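Let's put some labels to the test together. Each one below is set against the rule behind it.

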Amino acid sequence: MKRAVLNVLLAILVFVNVGYAQEAKKLTLADIYKNGEFGQKGYGPIRWMKDNKGYSTLEANKDLSGKDIVKYDAKTGRRSIVVSAADLIPQGSEKPLVIKDYKWSEDNTKLLVFTNTRKVWRYHTRGDYWVLDLATKKLVQLGKTLPEATLMFAKFSPDGSRVGYVSNLNIYVEDLNTNSFTQITKDGGDHIINGTFDWVYEEELNCRDGFRWSPDGEHIAYWQSNTEGVGTFYMINNLDSIYSKPIPMPYPKVGTQLSAVKVGVVPAKGGSTKWFDIPGDPRNNYLARMDFIPNSNEVMIQQLNRPQNTNKVYVANVETLEFKNILTEKDEAFLDIHDDIRWLDNERYFTWSSERDGWLKLYKVSRDGSDIQPITKGDFDVVSINCIDPKSGYVYYIASPDNFTQRYLYRSRIDGKGTAQRVTPASNSGQNSYQISQNAKWGIHVFQNATTPSVYSLVSLPSHKTVRVLEDNKELKEKYDALKLNPKEFVKVDIGDDVLDAFMIKPIDFDPSKKYPLLFYVYGEPAGATVQDNWGGGSLWDQYMAQQGYIVMSVDNRGTKTPRGKKWRNAIYGQIGILASEDQNKAANKIIDTYGFIDPARVGIWGWSGGGQMTLNCMFRYPGTYKSGLAVSFVSDQRLYDATYQERYMGLLSDNAKGYHDGSPINFAQNLEGNLMVIHGTADDNVHYQSYEMLVDKLIANNKIFDMMSYPMRAHGIYERENTSYHLRQTMENFWKENLPAGGK
C-alpha cells in the first residue's frame, strides 16, 4: 500500500515538474531583451591568408584575458597560433589589446590591430591602431602623440612599410621603420573633411573610408567634403548636465544644399594636393566611388547626379589629371551603386553590375568602355558577388531565381558561355552566405533559415563538400526548439496587381475554429525587406506576440529590396508611402478574406523607421482596415528626411511636389480613427525627433487622441542607456494588449 502511495506521489511530482519545465521554457521579454538568453555565436572575423591554404581567426587565450590570432590549414584543419595574446600586451600594461578588428599586410608579415574604439554615427570607426611585426614581435602604437581614439581607417601601404590613417579630419602617413608620421593634409576641421565623409555619405552611399593608396605606394587619393552651407540640425541633450547641450550636425534635408565633394591626389611623403576637375556642380552631384585601377597610376571615379538616375564613370590619371568618361549608366527611375568591380585580363577589362536589361546582372566591360558583354544570363538578379577567379574562369555570386525569400551560391563562366550553375546543395534550404578564398577553392559558409541560427562551416568548392563545422549554435537551437513555437509559414498573397511574399506566425495553442487578432509588421521601403527565410534573431518579438495570442504577419509590397527584377524595385519610384500603403491594404483585405480564423475587427499594424512611416500611412489612408497602429522612429513629412535617400526614390522636390505631399502621412493625420501610439528617441540623428513633434502637433490640432512615448537621448535604434530595449518592448506589449485584445474568440 505504501509503495502504491509512493508511486502516486512520484507520479504527481513528475507531472508537476514537467508542467514547471514547460512553464520555464515559455518565451519572456526579459529573456529576449534583458537576460541575453538567445544570443547567437559568431565565428571570426576571418581573414584568408595570402597563400589561400588557410585562414586566420580570433580565439580566446586560455591564460590571458585577450584573444589569440590563430591560423587553420583549410585542408588538414591543423591549428597554429600566429599571434598570441601575449604578443599584444603593450609595454607597461598587464593586459593584451582588445581586438575590435585586424588586418594583415599584403605579405602577411605584419598585423594591424584596431582597438579602444568609438562610434561615429552608426559604426565603431574611430579608435587606436597598433602594428605588430611578426618577425621581431615589436608592438607599436600608431599616431601615439595624437589625441586618444581619434584614428580612422588605417591601412598598410602596398609594400607594408607605412600605414595611412585619418585623425581629426586630416590624413597622416606613418613610417613603420622610424615610427614618425607626416600629416599630408592640413586643412581638415570645421567644415572641411578629408579622408572620410559627412553623415549623409556614410548613411546613404555607404562611404566611410575616404582615402586610397596608389598601387606603387607613391600617392594617396582622397575625398574632401566641404559642408559649408549645409543646413545644421540640432539635437538637444537634456540628460547629462543641468543645462541642455545642443548637438549640431550638418544634415542636408530634401531640396537643400549638399556638401561640395571633390577628389584629390597628394604625394604619400607630403606635398600639395592636385584636384581632379570633374564636370558638374560639386554640390549637385555625388562622387560615390573612387578606387585605383591595379598596377596603374589611374583611378576610377563614379559620379552620380543629384536625382541619382545617371552614373558617369571616369578614368583619371593621378599625374596628368587627365580624365575620360568611359561609361554612363542611366535609368528612368533611380540607380543603386554596386561594389562589384573586379579587374580582369591584366586590367584590360572590369566587371560591372547593371539593371540595363531589367535584371541586375554582371557584365564584362573593356577599360575604355567600348565593349560590354554579359557574364550572367537569365531572368534573375545577382544579389552580390563573392569571388571572381580568372584562373578557373568563373565568378561566384549569390542569387535566388526561384524563391525571393532565400539566397544561394551560383557560378557562371566569366566568358559568358553556358548557364548559371547552382553550387549550394538543395539541403541548405534558406539563406546562404560565403567568404571565399581568392583561388575559389575554399569557402566559409554560413547557413541559416527561419528556424535555424547561423551554422558556420568550411566547404571545399565547387563541390561544396563540408570539410568541418566551425560553429553550429547548437545550444541556441536547442533553446529555441524547446519553446515549441509555431514556425513562420511563408505564403503568397495575390493582390491582383502582383503576387506578394508574406509570412505568418500562429499562436502556440492555435485553434482554427476561433478568430484571432491580426498584427502586421511592416517596412515597405526600398532599403529593405521583412519576408526573408533567415534567422533574424529568431524573430523573437514576433514569436512572443504570437505566443500572447496574435496572428503575426508581414508582407513585402512592391518596391521592397528583394531580387525580383528592376520593374519590381522601380514600381515605388516617385510614390514612397503611396503605392506601398495601397499594396499593404490590398494584402490585408485579401488575407482577411482568405483566412477564416482572422478577426477583421482586430487588425493592427506596426513598423520602425520607414515601417513607422508606412504604419502611419496605412492608419490614416485606410482607417477602415486598421484598428490600431504603433509607429516607431518614423518620418512624418518626407521633406524632413535626408536629401540623398529621399530624392533617390522620390525625385527632386521641384519635380514631384505632389508625390512628396501625398506620400507624407502628416498630411492625412486628420483621418485617424483607430488607436495610435507613436514612439521616438530624442537623439535620433537619422530620423529626427522633429518628425515626431510635428506629427504630434498636427494630431493635437485635429483633436485626435493618441498615445505617445519619448526616449531621451536614444538614437534611431532606441537601445542606448540602461534598460531601454526591455522598457520599449514592455511599452509596445501594453499598447497592443490594451488596444487590440489578444486571443482566439
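The questions that follow concern a predicted model and take up salt bridges, burial, a cavity and a domain record.

Q: Why is the contact between Glu 329 and Arg 356 called a salt bridge?
A: The rule asks for a side-chain nitrogen of Lys or Arg within 4 Å of a carboxyl oxygen of Asp or Glu. For Glu 329 and Arg 356 the N to O distance is 2.8 Å, so the pair meets the rule. The two partners come from distant parts of the chain, 27 residues apart: Glu 329 sits in strand E23, and Arg 356 in the loop between strands E25 and E26.

Q: What makes Glu 329 buried or exposed?
A: Buried means under 20% relative accessible area. Glu 329 has 5%, so it counts as buried.

Q: Why is its partner, Arg 356, called partly exposed?
A: Partly exposed covers the range between the 20% and 50% cut-offs. Arg 356 has a relative accessible area of 42%, and therefore falls in that range.

Q: How do you know that Asp 381 and Arg 569 form a salt bridge, and what does the pair tie together?
A: Their side chains meet at 2.7 Å, N to O, and the limit is 4 Å. Asp 381 belongs to the loop between strands E27 and E28, while Arg 569 belongs to helix H6, so the bridge ties together parts that are 188 residues apart in sequence.

Q: Why are both of these residues called buried?
A: Again the cut-off is under 20%. Asp 381 is at 3% relative accessibility and so counts as buried. Arg 569, at 12%, is therefore buried too.

Q: What makes Asp 497, Arg 558, Glu 582, Asp 583 and Lys 586 one network?
A: Salt bridges with shared partners join these residues. The whole structure has 37 salt bridges; another one links Asp 599 and Arg 602 at 2.8 Å, N to O, and both of those residues are buried.

Q: How many cavities of 30 Å³ or more are there, and what lines the largest?
A: The count is 4. The largest has a volume of about 40 Å³, and its lining includes Ile 375, Lys 377, Arg 413 and Lys 417. By class, that lining has 2 nonpolar, 4 polar and 3 charged residues.

Q: Where does the name for residues 105-453 come from?
A: An unreviewed UniProt entry lists that range as "domain: Dipeptidylpeptidase IV N-terminal". In the model, residues 105-453 are 2% helix and 49% strand, with the end C-alpha atoms 33 Å apart.

Notes
Residues numbered from 1 in each chain as written. Predicted model: local features only at pLDDT ≥ 70, side-chain atom pairs only at ≥ 80, totals over all residues. Heavy atoms only, no water. 1 Å grid on protein atoms, 1.4 Å probe; cavity = no way out; pocket = protein on both sides within 12 Å on 5 of 7 lines; lining within 4 Å. Points joined across faces, edges and corners; volume = space filled by probe spheres on them. Nonpolar A, V, L, I, M, F, W, Y, C, P; charged D, E, K, R; others polar. UniProt positions renumbered as here; feature names shortened; annotations may be inferred. Helix = DSSP H or I, 4+ residues; strand = E, 2+ residues; numbered from the N terminus. Buried < 20%, exposed > 50% of the residue type's maximum accessible area, 1.4 Å probe, protein only.
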